[in-house]
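Grab a pencil and open the viewer. Let's work through a few exercises together, one step at a time.

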Amino acid sequence: MTTKDNQTINIPIQREAHNYAQQFAAQQPNKEKKTQVYLNTLVVYAVDNFLKMMDISTDLEASDSWNPLIRLYHNVADLAIPNIGQLECRYVLPEQDEIELPPEVLEDRIGYVFVRLENSLKSGEILGFLSMDEPDEMPEEVELDELEDIETLFECLQNLELANNAIAADIDPVFAKVKERLEMEDLTNIIAQLESIYRTKKKSERRGAVTDLFETYLGIGKPESADNLVVSLKEGDDENGDIELSDLAEDLINKLAEIWEGKE
Amino acid sequence: MVKSKYVSVNQMCNDKSNDDLLCEAIANFCQQTPETRERDKAFAHLWSLILKFQIPRTSPHPRYPDLLQEIQLEFSQRICTEFEQIKAGKKSFVHSLRLWMNWYGLRLGFRIMDLDREDKKKNERETSLDAPISGGNNDGNTPTLVDVTAGKFDPMETLIREDFKEKLSAAIQTLVCHPKDYPQCTCAEIYKRRFYRNPPQKFTEISKELNLPYQALMAHNRRKCKPLLKKIYNELLGGE
């Protein structure tokens, strides 16, 4: 997944971005927070503009970074993508080679885009994309040379939309079973994590990874001695209890794989 | 909502035959001797394919044709040296070529935006003679990174006072709205756990502790709590 030779994309930071950044920064209580909000706002606005140029709809007003109270209390730089989820847009300073992700952005995100700011603050460089993992598995520090290519973001968004459409149309009984089991009206919140599992895990590892994900949302703790290898093996299910849940996990990821592999 | 661009992404992924045609045309153009009729002919064929496969972004701007002509010239000067780099893209060649032409290479997309921005700026100058000077943020006074990290960017007075967070905290406690069947999960309870704990409590944990499905929590937060947070903030501040 390392993409050291990936192509980065320069994006302009418009004057409007600075206007919003000044407005939002003025609402903060101290210098450190003002700087944080200023730079977060610049990056969110620049990525918003970039996605719009790529014909991807966005909704700044529905983003936490555009909510005055949430940005006052939390270090957020998200951009809402309607019917898909929130994309976190983190700024990178010129000399940084790793980034710390604040705990408030480690869940309820579809992924992370990193933008290195230029000293002039008139443009930035999109360095790459990081997929959403299980909240408990998300790294608090991200090595920037391990990011995925930005094209992965487009692939990811496409997959999320295909999955959401398929689930909304209820094209397979497995979706209803998962909703019922997880007590979820819709699966939007976990689709990004399922997509990441599909893209980054080997086929043999997916069953275990999706079962783990289900257990997280059901609030079921993992057995102390269990590691991912154990739960990823079908024959290990007996030791870990819920074969039915693992079967459901496998059915779901197989169905989604079918949808995503058939997209072309 | 996001259909059109995915159609284009799909097309990009399916463009294998187009990839071959374009690669052959570029290779043919690049191997011709400069300033020969053969090279001109090869370029004409290549450019017709470029237009046929809709590689360049388009714009209704009256100066777009001139811009496209500039792009055509730059394309002919750079494509042979940058061909291999573009081909190294992960998706189809058509997709990589579009990214190169419109964004990171020839920057046609950005240059179209510049045209639109110039128009907007011109209109603003003509129509807003009374616009505030400090709010204009023209290129001359856009803060740099050094300015921002040193706190030298804020022409506006801090809008919130020391006691503002206390007032907010009191207002948040009044948000007793909750999902049907889960009276324990008020917006006040959620944000007590999110704002006043360090680190903020995870939604998965809140869902478990308040004994409601994760999805019900997230939907309630999105539909009710977040708009209410905006509302109380604006009310306390007298409008943002």
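Below are four short exercises, each with a worked solution.

Some ground rules: this is a predicted model, where local features need pLDDT of at least 70, side-chain atom pairs count only at pLDDT 80 or more, and totals for chains, interfaces and linings use all residues. Residues are numbered from 1 along each chain as its sequence is written, chains are lettered from A and ligands numbered from 1 in the order in which they are written, and side-chain values use heavy atoms, with hydrogens and water left out.

**Exercise 1.** Describe the build of chain B.

*Solution.* Step one: go through the elements, which are DSSP runs numbered from the N terminus (helices are H or I, at least four residues; strands are E, at least two). Chain B has 11 helices and 0 strands. Step two: check burial, where buried means under 20% relative accessible area, exposed over 50% and partly exposed in between (1.4 Å probe, protein chains only). Of the 240 residues in chain B, 44% are buried.

**Exercise 2.** Work out whether B:F29 is buried or exposed, and list what B:F29 touches.

*Solution.* First, find B:F29 in helix 2 (residues 16-31) of chain B. Next, look at its relative accessible area: that is 2%, so B:F29 is buried. Now for its contacts (heavy atoms within 4.5 Å). Skipping neighbours within four places in sequence, B:F29 meets B:R39, B:A42, B:F43, B:L46, B:S76, B:I79 and B:C80.

**Exercise 3.** Find the largest nonpolar core and the helix that gives the most to it.

*Solution.* Start with the rule: such a core is a set of buried Ala, Val, Leu, Ile, Met, Phe, Trp, Tyr and Cys residues joined through side-chain atoms within 4.5 Å. The largest one has 151 residues, and those with the most contacts inside it include A:L51 and B:F75. Helix 2 (residues 31-53) of chain A gives the most to this core, 12 residues. Then zoom in on A:L51: among its partners beyond four places in sequence are A:I56, A:L79 and A:F154.

**Exercise 4.** Describe how chain B and chain A meet.

*Solution.* Count who takes part: 74 residues from chain B and 77 residues from chain A. Then take the buried area (the accessible area, 1.4 Å probe, that two parts lose on being put together, summed over both). Here that is about 6,900 Å², with 57% of it on carbon and sulfur atoms. Last, hunt for salt bridges (a side-chain nitrogen of Lys or Arg within 4 Å of a carboxyl oxygen of Asp or Glu). The rule finds 3 across the interface. A:E107 pairs with B:R194 in a salt bridge, their closest N and O atoms being 3.7 Å apart.
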